[in-house]
Amino acid sequence: MEKSDLHYRIDNLDKSILMALMENARVPYAELAKRFSVSPGTIHVRVEKMKQAGIIEGTRVQVNPKKLGYDVCCFIGIILKSARDYPQALARLEQLEEVVEAYYTTGHYNIFIKVMTRSIDELQQVLIHRLQPIDEIQSTETLISLQQPIDRDVTP
């Protein structure tokens with residue numbers, strides 16, 4: 001059975017577990033069990049059910065891009081020559097390591113991407129030599145992020 005086939009409805013305990021894991025994915029199940037007055041087995045079962053339902057999609061290390069020297073964050077709106085060019089354009093964008101997020105959108109742009117570079121000079125090189133040569137792209141608009149005052153996950 002595919003993950004998307006499962007319809008698991010979360011309750012308040014599941015929400016509490018999710019919030020705790022989102023705050024610290026490495027918190028021991030025994031600690032969560034004590035905090036929520038249930039058995040560690042209950043926590044384990046709930047987490048496994050949420051994994052099977054696709055609500056929890058693994059755990060990951062969150063990296064601070066600035067600490068790795070990526071000082072420039074920008075968003076680029078892309079207008080394709082034709083809507084049918086989307087699969088080919090996306091395949092080309094996936095090859096650019098500077099592209100860290102991509103969205104297929106409605107409105108003025110067909111694709112909206114987030115790009116991280118170490119400097120404005122590096123951004124310029126990416127734009128001129130790697131992004132604009134993609135045949136399927138008609139035009140782009142680049143918006144440089146000055147800061148990210150809000151950064152959060154959805155609330156379960």
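Reader: How many aromatic pairs does a search of the whole structure find?

Author: This is a predicted model, in which local features need pLDDT of at least 70 and side-chain atom pairs count only at pLDDT 80 or more, while totals for chains, interfaces and linings use all residues. Residues are numbered from 1 along each chain as its sequence is written, and side-chain values use heavy atoms, with hydrogens and water left out. Rings of Phe, Tyr and Trp (its six-membered ring) pair if their centres lie within 6.5 Å, and planes under 30 degrees apart count as stacked, over 60 as edge-to-face and the rest as tilted. On that basis, the number of aromatic pairs found in the whole structure is 3.

Reader: Why is the pair of Tyr 86 and Tyr 104 stacked, and which parts does the pair tie together?

Author: The ring centres of Tyr 86 and Tyr 104 are 3.8 Å apart and their planes meet at 25°, so the pair is stacked. Helices (H or I, at least four residues) and strands (E, at least two) are DSSP runs, numbered from the N terminus. Because Tyr 86 lies in one such element and Tyr 104 in another, the pair ties together parts that are 18 residues apart in sequence, namely helix α4 (residues 86–94) and strand β2 (residues 99–104).

Reader: Is the aromatic pair of Tyr 109 and Phe 112 stacked or tilted, and which cluster holds these two residues?

Author: The rings of Tyr 109 and Phe 112 are 5.9 Å apart from centre to centre, with 40° between the planes, and this pair is tilted. Buried means under 20% relative accessible area, exposed over 50%, and partly exposed in between (1.4 Å probe, protein chains only); Tyr 109 is therefore buried at 15%, whereas Phe 112, at 25%, is partly exposed. Both residues belong to one aromatic cluster, made up of Phe 75, Tyr 109 and Phe 112.

Reader: In which sense do β2 and β3 pair, and over how many bridges?

Author: Two strands pair if DSSP finds at least two bridges between them. The strands β2 and β3 form a hairpin with 6 residues between them, and Gly 107 in the turn has a positive phi of about 95°. Tyr 103 stands opposite Phe 112 in β3, and the pairing of β2 and β3 is antiparallel, over 5 bridges.

Reader: Over how many bridges do β1 and β3 pair, and why is β3 largely enclosed by the rest of the structure?

Author: In the pairing of β1 with β3, Ile 76 stands opposite Ile 113 in β3. These two strands pair in the antiparallel sense over 7 bridges. As for the enclosure of β3 by the rest of the structure, it is described as large because the buried residues of this strand number 6 of the 7.

Reader: Why are Cys 73 and Cys 74 not bonded to each other?

Author: A disulfide is a pair of cysteine sulfur atoms within 2.5 Å, and a search of the whole structure finds 0 disulfides. Cys 73 counts as buried at 14% relative accessibility, and Cys 74 also counts as buried, at 0%. The sulfur of Cys 74 has that of Cys 73 as its closest cysteine sulfur, yet this is too far for a bond, at 6.7 Å.

Reader: In which helix is Glu 48 found, and how far is its C-alpha atom from that of Ala 25?

Author: Glu 48 is found in helix α3 (residues 40–52), and at 29% relative accessibility Glu 48 counts as partly exposed. Along the chain Glu 48 and Ala 25 are 23 residues apart, and their C-alpha atoms are separated by 14 Å.
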